[in-house]
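Thanks for coming. I will go through one structure, piece by piece, with the picture up on the screen.

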Amino acid sequence: MTEVRSEQTFDAIVIGAGAVGENVADRLVKGGLSTLLIEAELVGGECSYWACMPSKALIRPGVALNAARNLAGSREAVTGRLDSGQVLRRRDSFTSNWDDSGQVKWVENAKISLLRGKAWLIGERTVEISAPDAGTHLAHARHAIVLATGSNPTVPSIPGLAEIEFWGTREATSSPRVPRSLTVIGGGVAGTELAQAYARLGSQVTQLVRGNVLGKMPAPARDLVTAGLRKDGVDLREKVAFSRISRDPEGVRVELEDGSSITSDELLVATGRAAALAELGLETLELPGFNGKQLETDQSGKVTGSDWLYAVGDAAGKVLLTHQGKYEARITGDAIAAKVKGSFDGVAAPWSKFAQTADHYAVPSVVFTDPEIATVGRSIEEAEADGVVVVEVSLPIAVAGSSLYADDYQGWAQLAIDGDRNVIIGATFAGPDVAELLHSATIAIVGEVTLDRLWHAVPAYPTVSEVWLRLLEKLGL
Ligand SMILES: Cc1cc2nc3c(=O)[nH]c(=O)nc-3n(C[C@H](O)[C@H](O)[C@H](O)COP(=O)(O)OP(=O)(O)OC[C@H]3O[C@@H](n4cnc5c(N)ncnc54)[C@H](O)[C@@H]3O)c2cc1C
Ligand SMILES: NC(=O)c1ccc[n+]([C@@H]2O[C@H](COP(=O)([O-])OP(=O)(O)OC[C@H]3O[C@@H](n4cnc5c(N)ncnc54)[C@H](O)[C@@H]3O)[C@@H](O)[C@H]2O)c1
């Protein structure tokens, strides 16, 4: 062990200062607990610098341009392509040029103690931190340690891939240039959003998907996105099998099992992520059922088998989305503080202040392609697996609001209803800018508003939200 530079005790310690770690630390401090937040890289984490913010900044100008092109009158005013240099500069401003001083200021104002370095557990309620100055620090927690260490990309074992340099989502969201050609492996949210963004920025994009693009989405929603990708020139190839990948002066060559191959300047691999739990010393804790990959946590985020260890956000591995991780952070932070005060016995009733119930019943998510897909709640398959008698209703979005919104607006909406309780349990909207429709469905699900009462929620005319009325009418109201 190198020289121990400091040894301190706090009420709570949070490892990882991504959006989720910042939020849990904030709630702990607001709950009256002295809190140490430890970060190995940039305060703000993946979402701020290499994920949500830069990817959406790359996407948004293309969406705005396409929206103008889809309206007679404004279409005629659009005379050129995206200015990729300006788009990249605007992206850089959203990441503060990968400088975290603004977030550090926020942490200081929130009265959270910050320590830079890589942390790991060395025993009950104790962490060791290897700091950038090569020194070692020890920190003890009186009450709780929260893991908010995020996730890492999973890399497929395709022959040759491990031997070459390629882009992950970090490189794709932070690239200072637009490659002439880009091959994307992966048909999930990250791969699909970035395939379209780069195609619109001028790359010749080939997207290779082993199943269907956005395979977990309902087929009519998926079909709308597929049409959007192809319209933007993405060469989308589904149900492919990979045989070998290599790089030479010509570029990266991806060979497929059908004998074809694609050569491009860059390769982006976006094939999922897994909780970052390695090298955290977890194996020393002998947690029941822990397999090294996924922690089991209760409704309040407490790790099974421990009364002081918690996990939130991507590290908990339940839902890999910033907003849901921050929701978990608020609940876990409040639960720990209430436990310390003696006002919470550790057993949280569903939908109570200390239970992450929405993780199971009401997770909103948006695929920021053009058109978008916005979903919340359980899919029909998930609800049926939970034993729910599901009534499904779906239709194309074709209302006065949508026809005014864009010429030839193409959209689709679906509700999943619990037939016994007469409430909505899931909703999907696909189409231009449908993301902003989503929160209405989230509120209906969380509030368990009955369809009879929803009948009185009148959508303003002429808005795309009129689709709610059409869906209820189709259900017989
Ligand atoms: C390309 C892309 C686009 C995305 N877009 C969206 C989107 O639009 N909307 C959305 O909701 N979600 C999006 N996500 C998901 C979102 O980025 C994550 O869900 C979110 O970043 C998780 O936050 P977190 O705080 O749990 O983890 P992270 O943001 O990963 O933060 C974890 C932090 O912990 C630190 N850390 C790890 N181990 C240690 C250690 N041992 N010691 C000290 N520090 C440590 C890391 O350095 C990191 O800063 C996207 C993901 C990707 C890849
Ligand atoms: N808009 C958003 O909210 C947003 C955007 C991007 C990412 N994210 C989050 O980031 C996480 C990671 O995104 P992602 O797109 O990498 O993951 P994903 O799980 O959404 O998609 C992974 C894709 O990779 C494919 N794949 C997996 N293993 C493979 C293999 N061995 N060979 C070939 N293909 C393989 C899958 O079939 C799938 O198409 C997601 O869970 C999502 O929650 C969210």
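Look at strand β21, residues 423–431, in this predicted model. Eight of its nine residues are buried, so the strand is largely enclosed by the rest of the structure. What pairs with β21? Strand β18, residues 372–377, does so in the antiparallel sense, over six bridges. One pair to find on the screen is G377 with its bridge partner in β21, G426. Strand β20, residues 412–418, also pairs with β21 in the antiparallel sense, and there the count is seven bridges. For I417, the bridge partner in β21 is I424. Between β20 and β21 there is a hairpin with four residues between the strands, and in that hairpin N422 takes a positive phi near 60°.

Now the division of the chain. There are three parts: domain 1, which is 4–49 + 95–152 + 275–358; domain 2, which is 161–271; and domain 3, which is 371–474. The C-alpha centres of domain 1 and domain 2 are 34 Å apart. UniProt, in an unreviewed entry, lists residues 363–468 as "domain: Pyridine nucleotide-disulphide oxidoreductase dimerisation". That span, 363–468, is 25% helix and 31% strand, and its end C-alpha atoms lie 19 Å apart.

Next, ligand 1. Which residues come nearest to ligand 1? Of the 38 residues around it, those are G16, G18, G45, G150 and G313. Several elements give two or more residues to this shell, including helix α1 at 19–30, strand β2 at 35–39, helix α3 at 52–69 and helix α9 at 322–341. By residue kind, the shell around ligand 1 has 18 nonpolar, 14 polar and six charged members. Domain 1 and domain 2 each supply at least three residues to the shell around ligand 1.

Let me stay with α1 for a moment. This helix has twelve residues and reaches 17 Å from its first C-alpha to its last, close to the 16 Å expected at 1.5 Å a residue. Is α1 mostly buried or exposed? Eleven of its twelve residues are buried, so α1 is largely enclosed by the rest of the structure. Charged side chains do not keep a residue off that list: among the buried residues of α1 are E22, D26 and R27. D26 can also be set against S300, a residue 274 positions away along the chain; their C-alpha atoms are separated by 16 Å. S300 sits in the loop between β15, residues 273–275, and β16, residues 309–311. S300 is itself buried, with 24 other C-beta atoms within 10 Å.

On to ligand 2. There are 22 residues around this one, and the nearest are P156, G187, G188, A190 and T271. Two elements give two or more residues to the shell: helix α7, residues 189–201, and strand β17, residues 364–367. The most comes from α7, with four residues. The shell around ligand 2 divides into eleven nonpolar, eight polar and three charged residues.

The last topic is the "binding site" annotations, which come from an unreviewed UniProt entry. One of them covers G186, G187, G188, V189, A190, G191, T192, E193 and G272. Although these residues span 87 residues in sequence, no two of their C-alpha atoms are more than 13.5 Å apart, so they gather at one spot. Two of the annotated residues can be placed on α7. V189 lies in that helix, and it counts as buried, with 22 C-beta neighbours inside 10 Å. E193 is found in α7 as well, and it is buried too, with 25 other C-beta atoms within 10 Å.

The other "binding site" annotation, again from an unreviewed UniProt entry, covers K56, T149, G150, S151 and D314. Do these residues gather at one spot, or are they apart? They span 259 residues in sequence, and the farthest two C-alpha atoms are 22.6 Å apart, so they do not all gather at one spot. T149 is in the loop between β6, residues 136–147, and β7, residues 151–153. With 30 C-beta neighbours inside 10 Å, T149 counts as buried. G150, in this annotation, also appeared earlier among the residues nearest to ligand 1.

That is everything I have for today.

Definitions and conventions. Residues numbered from 1 in each chain as written. Chains lettered and ligands numbered in written order. Predicted model: local features only at pLDDT ≥ 70, side-chain atom pairs only at ≥ 80, totals over all residues. Near = placed C-beta within 6 Å. Domains from an automatic or database assignment. UniProt positions renumbered as here; feature names shortened; annotations may be inferred. Buried ≥ 20, exposed ≤ 12 C-beta atoms within 10 Å, placed from the backbone. Pairing = 2+ DSSP bridges. Expected span 1.5 Å × (residues − 1).
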